[in-house]
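Q: Please take a close look at the aromatic rings in this model, and give the cut-offs behind each term. Then add a short note on side-chain contacts at a helix start.

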Amino acid sequence: MRPIQRLLFPEAASQSATPEHTSSTFVNNLRLPVHRWFRYSAGFSAEWVEEVIEQKKMLSDEVRLLDPFAGSGTSLLAAESRSVKAIGVESHPFIARVAQAKLEWCSDIGAYRAIIVAVRKLARELVPTLDHYPALIQKCYDRESLSQLDVLRQAWQRLADESPASSLAWLTLVAILRETSKVGTAQWQYVLPKKQKRFPREPFSAFDQLSRRIQADMIVRQALSCDRAALVQTDARTCEGVPDEWANLVVTSPPYPNNYDYADATRLEMSFMGEIAGWGDLQSTVRNYLIRSCTQHVPERSCCLDEVITSSVLRPISNDLSAVCGQLAEVRKTKGGKKTYHLMVACYFHDLARVWQALRRVCNSPCRVCFVVGDSAPYGVYVPVVPWLTGLAEAAGFRAARFERTRERNTKWKNRKHRVPLQEGRLWVEG
Ligand SMILES: C[S@@+](CC[C@H](N)C(=O)[O-])C[C@H]1O[C@@H](n2cnc3c(N)ncnc32)[C@H](O)[C@@H]1O
């Protein structure tokens, strides 16, 4: 495969002015109005997206941004702030709902205030019923906290309708579930029932505080005039619903092939809201709609490795991919967990190949695309994500430009078997 062509975008070099570590982290968004309503650790920096938009504005009369992995809506809100049209695609039903609720920042503040007051009042009158909650929820809260959360949930459900205010009230409730839990609710994927939190928040007061913050942020944002972004709950592998040749800027961060389970990441919230009864429901309700980036998604015999690797969309990388997946299949035999990394890696690139093809349909020419990506080394076998994604992008009709490394990962991990340090960065392509 061709090496990545270097430095096709001279002006992109000025991006090194952005603090190196910021593009791939959500932390800075926690001080920004609206962005901070829901902490989504998989998110990236809104300020960095705004910089990318401003650079594109210098080259195009009209910027139309697409984020095919929109997550909690960071790039959509950034595009709105910069008065740029934007469409986001997100297929995780819970996360799409979070993003959609955040995009309601411009709705009637009075209506939101009214529903919050009504939920609060009704909650005080209701009797909590706790026995129906699954074990995970019972472990995460003491009885008093769960009672308060339960009556808030019951009240919201009784008053719920299709309005933006109702959607914002839903967000107010689901966004306080971690800070009010007494156990370790790592923002990153797992709930840790054996780890205790020292100061969990009291649910009624957390609900009140977040609702005041939401109102304050709505006032601040509504003082600006903005374009409205759209969110489509669909699959990035097809981008169904996004018009042909619509976008001239794509800023996105797909899942990495690093076994992070986006479905499990919202298990607490979805269990509390009764959307799933337990872990077993995650496959049908969430994972089936996602890029296959974790082994839970591809159990043994769920697909035929040879068929995936020899499929036409993977032709540009099939030899290299076959070698790595073969190695993973061998190493697996020596491991107790027998994780299906060999299938996951093949399916991941199959899915990403389809994403590049879908992007070619919905992107105009010229178009600039930035993928924030990271590589991985499951079972110590290095997976060269950047050159492979580059090859798939080129096969779909884009021109590779450059990879900007923003950080190294796992360098301190003493047992690391692979020689190449893992990295995260921005893959830029044009087309
Ligand atoms: C790294 S996160 C993006 C976070 C986003 N940049 C933000 O700031 O919130 C990747 C997202 O891709 C979503 N995703 C995974 N597979 C998808 C698919 N096939 N189509 C659309 N979205 C998908 C996941 O649910 C996750 O929210």
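**Aromatic rings and a helix start**

A: Y262 has a relative accessible area of 16% and is therefore buried (under 20% relative accessible area; over 50% would be exposed and anything in between partly exposed, with a 1.4 Å probe and protein chains only). The model is predicted: local features need pLDDT of at least 70 and side-chain atom pairs pLDDT 80 or more, while totals for chains, interfaces and linings use all residues. Residues are numbered from 1 along each chain as its sequence is written, and side-chain values use heavy atoms, without hydrogens or water.

Y260 is also buried, because its relative accessibility is 5%. The structure holds ten aromatic pairs. In one of them, the ring centres of Y260 and Y262 are 4.6 Å apart and the planes meet at 80°, so this pair is edge-to-face. Rings of Phe, Tyr and Trp (its six-membered ring) pair when their centres lie within 6.5 Å; planes under 30 degrees apart are stacked, over 60 edge-to-face, the rest tilted.

Ring pairs also join F38, F94 and W170 into a cluster. R97 sits over the face of W170, 4.3 Å from the ring centre, and R360 sits over the face of F398 at 4.4 Å. Such a placement requires NZ of Lys or CZ of Arg within 6 Å of the ring centre and within 35 degrees of the ring normal.

At the helix start, S45 belongs to the segment before α1 (46-57), where helices are DSSP runs of H or I with at least four residues, numbered from the N terminus. S45 is buried, because its relative accessibility is 2%. Its side chain reaches the backbone nitrogen of W48 at 3.1 Å, and a polar atom of the S45 side chain lies 3.3 Å from the backbone nitrogen of E47.

Technical notes
Helix = DSSP H or I, 4+ residues; strand = E, 2+ residues; numbered from the N terminus. Polar contact = N/O pair within 3.5 Å; in protein donor to acceptor, adjacent residues only side chain to side chain.
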